[in-house]
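Me: Hi! I'm new to this one and would like a friendly walk through it. Could you put it up so we can look together?

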There are 2 protein chains.
Amino acid sequence: MAYELYYWDGIPGRGEFVRLALEYAKADYIDVARQKGGTERMMAMIKGESAAFVPFAPPFLKDGELIVSHVANILLYLGEKLALAPSDVQGRLFAHGLQLTITDFLTEIHDCHHPVGTSLYYEDQKEEAKRRSEVFLADRAPKFLGYFEKILAHGSQSNAVGDRLSYVDLSLFHLVEGLRYAFPQAMEGDGARYQRLVALHDRVSELPQIAAYLRSDRRLAFNQSGIFRHYPELDALNGP
Amino acid sequence: MAYELYYWDGIPGRGEFVRLALEYAKADYIDVARQKGGTERMMAMIKGESAAFVPFAPPFLKDGELIVSHVANILLYLGEKLALAPSDVQGRLFAHGLQLTITDFLTEIHDCHHPVGTSLYYEDQKEEAKRRSEVFLADRAPKFLGYFEKILAHGSQSNAVGDRLSYVDLSLFHLVEGLRYAFPQAMEGDGARYQRLVALHDRVSELPQIAAYLRSDRRLAFNQSGIFRHYPELDALNGP
């Protein structure tokens, strides 16, 4: 039976980290909200007053009757089923910890354009967004990117964890893609500062399954509604 | 061998969610950074340039040679070892998803007093903090608290998940404690709006192991350096 991925249509967003794992593993899946009536089905599941195991928000995955919510939880689950994670306990726990670090980083990236609240428009928090982005690019982005670079220095075969490609590597690829879209000036020349991370990004982009996916219409373009948004006024010449 | 918990000394912070699980299960553990020389040991592990499995930040747990980072990951691990989580797959995945929802909520709570950046003082982002807290109390807190209340309406025996107390219930207890500390005006009368959640809070506080822990000097008081901070100017009469 095909996996069912439930995530907002129209943006790569958090769902993209799950899509990349499913695509790389050539898993059979349905991107539910991109089907006719899919968004309504998704909303009914979230609102489900009488159902158990109701997720707080998309993305969530259905595998038969099983429901799994949150990107890192979904990838932990798929990592085992699709052989996209180390099989030893320490490797599996470390991969999940790395994915949770990526999760934290994504929240900080998102909040660059929404530091006051997600219920307000960007235009209503533009001044706060400028301050936050400046601090983010100066302090936080280098801390996270430097950490992943350090981790890659210890991975075997240039992977973040274990001796084969994992969902963490796929997520790091998309992280670099997103940061380059959101902060093109700040990320300029990132290959010199984050050599291993960018090498991993390039290698993932050339994997046959990923390259085919990136060319397909299943890959959604970044835009002004997701985690990674490009507002020139938030970008900086002195990047991480 | 005793578990080793690595977390900043002096604040309950994120480490508290792990402490509550260890205390409830009467597990043998060392709160490393509260020992002489412990903070230095913790910092050396995070900086560890040559070590594998280096965590991004505290808290992390050592169980023999095994290292686990991030609260939700630690609780997933301990949940199985200490019988603090459902043993079926769906229950375990749902408990982890709930803990990750709590994690997201905690970040939003923390960012009420640090909407611009953690590297700046509160005093340098006080105006932004006021705006963020107002939106948080009006929109976000009710959304999260309402969700947990809904989940508790479906749990058996008033637990969030499964038929016995889990680490999620212990975390929800601390969440209520923290919100009441940070936003006493806004949380006033929370028992009427979030009946099941507050009933769970009260029940957890009376569990013999938890009651003994709360009276001990191992339980650190909230203060102005953690996730939950009380700044009267961020509190509101119209709460979630």
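Me: Thanks! Let's begin with α3 of chain A: which of its residues are buried?
Reply: In this predicted model, the buried residues of α3(A) are A:Val71, A:Ala72, A:Asn73, A:Ile74, A:Leu75, A:Leu76, A:Leu78 and A:Gly79. With 8 of its 11 residues buried, α3(A) is mostly covered.

Me: And what covers those buried residues of α3(A)?
Reply: The cover includes α1, β3 (60-63), β4 (66-69), α4 and α6 (167-182) of chain A, together with α4 of chain B.

Me: What follows α3(A)?
Reply: A:Ala83 does, and its phi is positive, near 55°.

Me: Okay, now α3 of chain B. How many of its residues are buried?
Reply: Helix α3 of chain B spans residues 71-81, and 8 of its 11 residues are buried, so to speak "mostly covered". Among them are B:Val71, B:Ile74 and B:Leu78.

Me: What do the buried residues of α3(B) pack against?
Reply: From chain A there is α4 (89-113). From chain B there are α1 (15-24), β3 (60-63), β4 (66-69), α4 (89-113) and α6 (167-182). Just after α3(B), B:Ala83 takes a positive phi of about 55°.

Me: Let's zoom out. How is chain A divided?
Reply: Into domain 1, residues 3-81, and domain 2, residues 89-207. Their centres, taken over C-alpha atoms, are separated by 22 Å.

Me: How many residues of each domain take part in the contact?
Reply: There are 11 residues from domain 1 of chain A and 11 residues from domain 2 of chain A.

Me: Which elements give two or more residues to the domain 1 side?
Reply: On the side of domain 1 of chain A that touches domain 2 of chain A, those are α1 (15-24) and α3 (71-81) of chain A. The largest share, 6 residues, comes from α3(A). By class, that side of domain 1 has 9 nonpolar, 1 polar and 1 charged residues.

Me: Switching topic: what is the strand order of the sheet in chain B?
Reply: It is an open sheet of 4 strands in the order β2-β1-β3-β4, with mixed pairing.

Me: Which strands stand at the edges?
Reply: β2 (29-31) and β4 of chain B. Each has a single partner strand, so one side of each is left without a neighbour in the sheet. From one strand to the next, the twist averages 20°.

Me: Are β1 and β2 of chain B parallel or antiparallel?
Reply: Strand β1 (residues 3-6) of chain B pairs with β2(B) in the parallel sense, over 3 bridges. Within that pairing, B:Glu4 has B:Ile30 in β2(B) as its bridge partner.

Me: What does α1(B) lie across?
Reply: α1(B) lies across β1, β2 and β3 of chain B, and runs at about 160° to β1(B).

Me: One residue caught my eye, A:Thr39. Where is it?
Reply: A:Thr39 is in helix α2 (residues 38-47) of chain A. Leaving aside neighbours within four places in sequence, A:Thr39 is in contact with A:Asp9 and A:Ala33.

Me: Why does A:Thr39 count as partly exposed?
Reply: Because A:Thr39 has 17 C-beta neighbours inside 10 Å, while a residue is buried at 20 or more and exposed at 12 or fewer.

Me: Last thing: what confidence values come with the prediction?
Reply: Chain A has a mean pLDDT of 95, and 98% of its residues reach 70 or more. For the complex, the predictor gives an ipTM of 0.97 and a pTM of 0.97.

Note on methods: Residues are numbered from 1 along each chain as its sequence is written. Chains are lettered from A and ligands numbered from 1 in the order in which they are written. This is a predicted model: local features need pLDDT of at least 70, side-chain atom pairs count only at pLDDT 80 or more; totals for chains, interfaces and linings use all residues. Domain bounds come from an automatic or database domain assignment. Two residues are in contact if their C-beta atoms, placed from the backbone, lie within 7 Å. Ala, Val, Leu, Ile, Met, Phe, Trp, Tyr, Cys and Pro count as nonpolar, Asp, Glu, Lys and Arg as charged, and the others, Gly among them, as polar. pLDDT is the predictor's confidence in each residue, from 0 to 100. Two strands pair if DSSP finds at least two bridges between them. Axes are lines fitted to C-alpha atoms, for helices over the stretch in contact, and angles run from 0 to 180 degrees between N-to-C directions.
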